[in-house]
Amino acid sequence: MPGQRSITEAEKLAAAKLGGFPIRREQMAAVANIYRAASAVRQHLENSVLRGSDLTWTAFVVLWVVWVWGESETRHVAEEAGISKGTLTGVARTLESRGLLRRSDHPTDGRLVLLALTDQGEELMRRVFPEFNEEEAFVTAGLSDAECRSLAEGLRTVVLQVEEHGEERRRTLLNGAEPAPRRSGRRPKA
C-alpha cells in the first residue's frame with residue numbers, strides 16, 4: 001500500500017521501475033522530496049496544531065496571508081495562498097461565519113472584495129502562530145540553522161525558476177518544442 005512505504009522504500013521502487021529510462025535522477029529525487037516533505041509537514045501541522053483550533057491548512061494559510069499583509073483584495077489573498085478564487089470564497093465564508101475574517105466592498109471598485117482579520121482572528125493568530133512555529137522547529141530539528149538557511153535558499157531558487165520561466169516553458173511545451181532547461185540568473189534573497 002503506497003501510504004505504508006517509507007521514503008527509502010519508495011525511492012528504491014522508483015529506481016527499479018525507472019532503471020531503463022534516460023532520466024535526470026537527482027532532479028526527480030529533488031522534486032519528489034519537495035512534494036513528500038510538503039505533504040508530511042502539512043499533515044503534521046494540521047494534526048498537531050491546527051486541528052485544536054478547528055482550522056484546515058488552507059484556512060490557516062488564508063489567515064496567515066491576511067494577518068501578515070493586512071487588509072487585502074481577495075485576488076491577492078488567493079494568489080499568495082496558492083489557491084483559486086473559488087476556493088478562497090468558500091474558505092473566507094467559513095472564516096467569516098466563525099468571526100475570524102471580515103469581508104467588505106472595495107471603496108473605489110465595487111467589483112472587488114477586501115478581506116481583513118477581525119479582532120478575534122487577530123487573537124487566534126497571535127495564539128496559534130507560536131505553536132505553529134514550535135512545530136516548524138520540530139520538523140526541522142534534524143537540520144542545523146545553516147542547513148535550514150541553505151534549504152530555504154534552494155527552495156527559493158526552485159520557486160523563482162518556476163515564477164520567472166514557467167509560463168514560457170509551458171507555452172513552448174504546448175507548441176510541441178523541446179526547450180532547453182533554464183536556470184534563473186537571479187540569486188534568491190536570504
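## R42 and its partner

R42 counts as partly exposed because its relative accessible area is 35%; the class runs between buried (under 20%) and exposed (over 50%), using a 1.4 Å probe and protein chains only. Its side chain meets that of E46 in a salt bridge, 3.7 Å from N to O, where the rule asks for a Lys or Arg side-chain nitrogen within 4 Å of an Asp or Glu carboxyl oxygen. E46 is partly exposed too, since its relative accessibility comes to 23%. Both residues sit in helix 2, four residues apart, or about one turn of the helix.

Before going further, a word on the model: it's a predicted one, with local features needing pLDDT of at least 70 and side-chain atom pairs counting only at pLDDT 80 or more, while totals for chains, interfaces and linings use all residues. Residue numbers start from 1 along each chain as its sequence is written, and side-chain values use heavy atoms, with hydrogens and water left out.

## The overall build

The protein has seven helices and three strands; these are DSSP runs numbered from the N terminus, H or I over at least four residues for a helix and E over at least two for a strand. Read from the N terminus, the order is α-α-α-β-α-α-β-β-α-α. So what are the dimensions of the C-alpha trace along its principal axes? It spans about 55 × 40 × 35 Å. The chain holds 190 residues, and 23% of them are buried.

## More salt bridges

The total count is six salt bridges, and the R42 pair has company. One of the others joins R103 and E96, whose side chains meet at 2.9 Å, N to O. R103 is partly exposed because its relative accessible area is 31%, and E96 lands in the partly exposed class at 30%.

Helix 7 (145-174) hosts another: E167 and R171 both lie in that helix, four residues apart, about one turn. Their side chains meet in a salt bridge at 3.1 Å, N to O. Here E167 is exposed because it reaches 51% relative accessibility, while R171 is partly exposed at 46%.

## The largest pocket

If you're after a cavity-hunting target, here's the headline number: the largest pocket contains about 2000 Å³ of space. A pocket is an open set of points on a 1 Å grid where a 1.4 Å probe fits, with protein on both sides within 12 Å along at least five of seven lines, and lining residues have an atom within 4 Å of a point. Its volume is the space filled by probe spheres set on the points.

There are 42 lining residues, and A38, W57, E136, L155 and V159 are the closest to the centre. Which elements supply at least two residues each to the lining? They are helix 2, helix 3 (57-69), helix 4 (74-81), helix 6 (119-139) and helix 7. Helix 2 makes the largest contribution, with eleven residues.

## Two acidic residues worth a look

D54 sits in the loop between helix 2 and helix 3. It isn't a glycine, yet its phi is positive, at about 55°. D54 is also exposed, because its relative accessible area is 58%.

E134 belongs to helix 6 and is exposed as well, given a relative accessible area of 52%. How far apart are E134 and V49 in sequence and in space? The sequence separation is 85 residues, whereas the C-alpha atoms of E134 and V49 are 9.5 Å apart.
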